[in-house]
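Please open the model in your viewer and display it as a cartoon. The tour below proposes a series of selections and states what each one shows.

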Amino acid sequence: MSRKNIIAANWKMNMAPSEAAAFLDPFLKAFPEPTPVEIVVAPSFVSLPKAAELLAGQSAVGLSAQNMSHEKSGAFTGETSAAMLVEVGCQYVILGHSERRSLYGEDDVVINRKVHATLAAGLVPILCIGESLEERDGGQLEFVLSQQLEGSLAGIDASQMPGIVIAYEPVWAIGTGRTATPEQAQETQAYVRSVIERLFGGAVAEAVRIQYGGSVKPGNAGELIAQPDIDGFLVGGASLDPASFGEIVKAGF
Ligand code: PEP
């Protein structure tokens, strides 16, 4: 089965509305029509409305949030609901990014609630998993990844899985300039797919897209995307520049 590559820009806490506009203006000129790749940008919450305004009326680039609450509404100061994201024009939400896990204490239980809330609202979760260097060096890689998948996908039905994107991001490769080798990434992504097969069956495992994330740059995107189990990228640093992100997108054609 052929899976459409999905390449997403995680802008993190960068790009105020004016900067998001300064990125999207040339980027949309470079990609005015739908491409062979699903392109997604994930601005901060405050830049979502500006980005949605600029993305309206085109279908080459989708809009994602970087996080959301699993609660529907109410007394949750500082939080944002799935319905709010839908209203502002999002189609995707990044969930369980390693920075959310390590800096804000998110665990698989809360990420699982968010996955359910996202799907209930008709949004596509981009679910991040990944091991630390200590876990990899300590022989815990497979255990950690299978625990993260089982925990964050608890109660999800096989029929819902094709609507979920998995982002495998080794924590030691995020923002460090140290990329997994294509062989390391392929071996691990094949393992991730095998866990999905164990949990949901072979057809689902074939259909689910698994992104790689961790210091992807224009210079290494080609050899990574050539791996059979890499179905796109989640890009941090190199997604802040429209030309650099555009090069990475083109690697996925
Ligand atoms: C990320 O934060 O998802 C990421 C992969 O960042 P970077 O590309 O900067 O390593």
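**Stop one: strand β8**

Select residues 232–235, which form strand β8. Gly232 and Leu234 on one side, and Phe233 and Val235 on the other, are all buried, and both faces of the strand are thus covered. Buried means under 20% relative accessible area, with a 1.4 Å probe and protein chains only. Strands (E, at least two residues) and helices (H or I, at least four) are DSSP runs, numbered from the N terminus. In a regular strand the side chains alternate between the two faces of the sheet.

This is a predicted model, in which local features need pLDDT of at least 70 and side-chain atom pairs count only at pLDDT 80 or more, while totals for chains, interfaces and linings use all residues. Residues are numbered from 1 along each chain as its sequence is written, and side-chain values use heavy atoms, leaving out hydrogens and water.

**Stop two: the neighbours of β8**

Add strand β1 (residues 6–10), which runs parallel to β8 and is joined to it by four bridges. Two strands pair if DSSP finds at least two bridges between them. Within β1, select Ile7, whose bridge partner in β8 is Phe233.

Next, select strand β7 (residues 209–213), which pairs with β8 in the parallel sense over two bridges. Here Gly213 stands opposite Leu234.

**Stop three: the barrel**

Now show every strand from β1 to β8: in that order, the eight form a closed barrel with parallel pairing. Finally, select strand β2 (residues 38–42), joined to β1 by five bridges. Ala8 stands opposite Val40 in β2.

Terms used:
Buried < 20%, exposed > 50% of the residue type's maximum accessible area, 1.4 Å probe, protein only.
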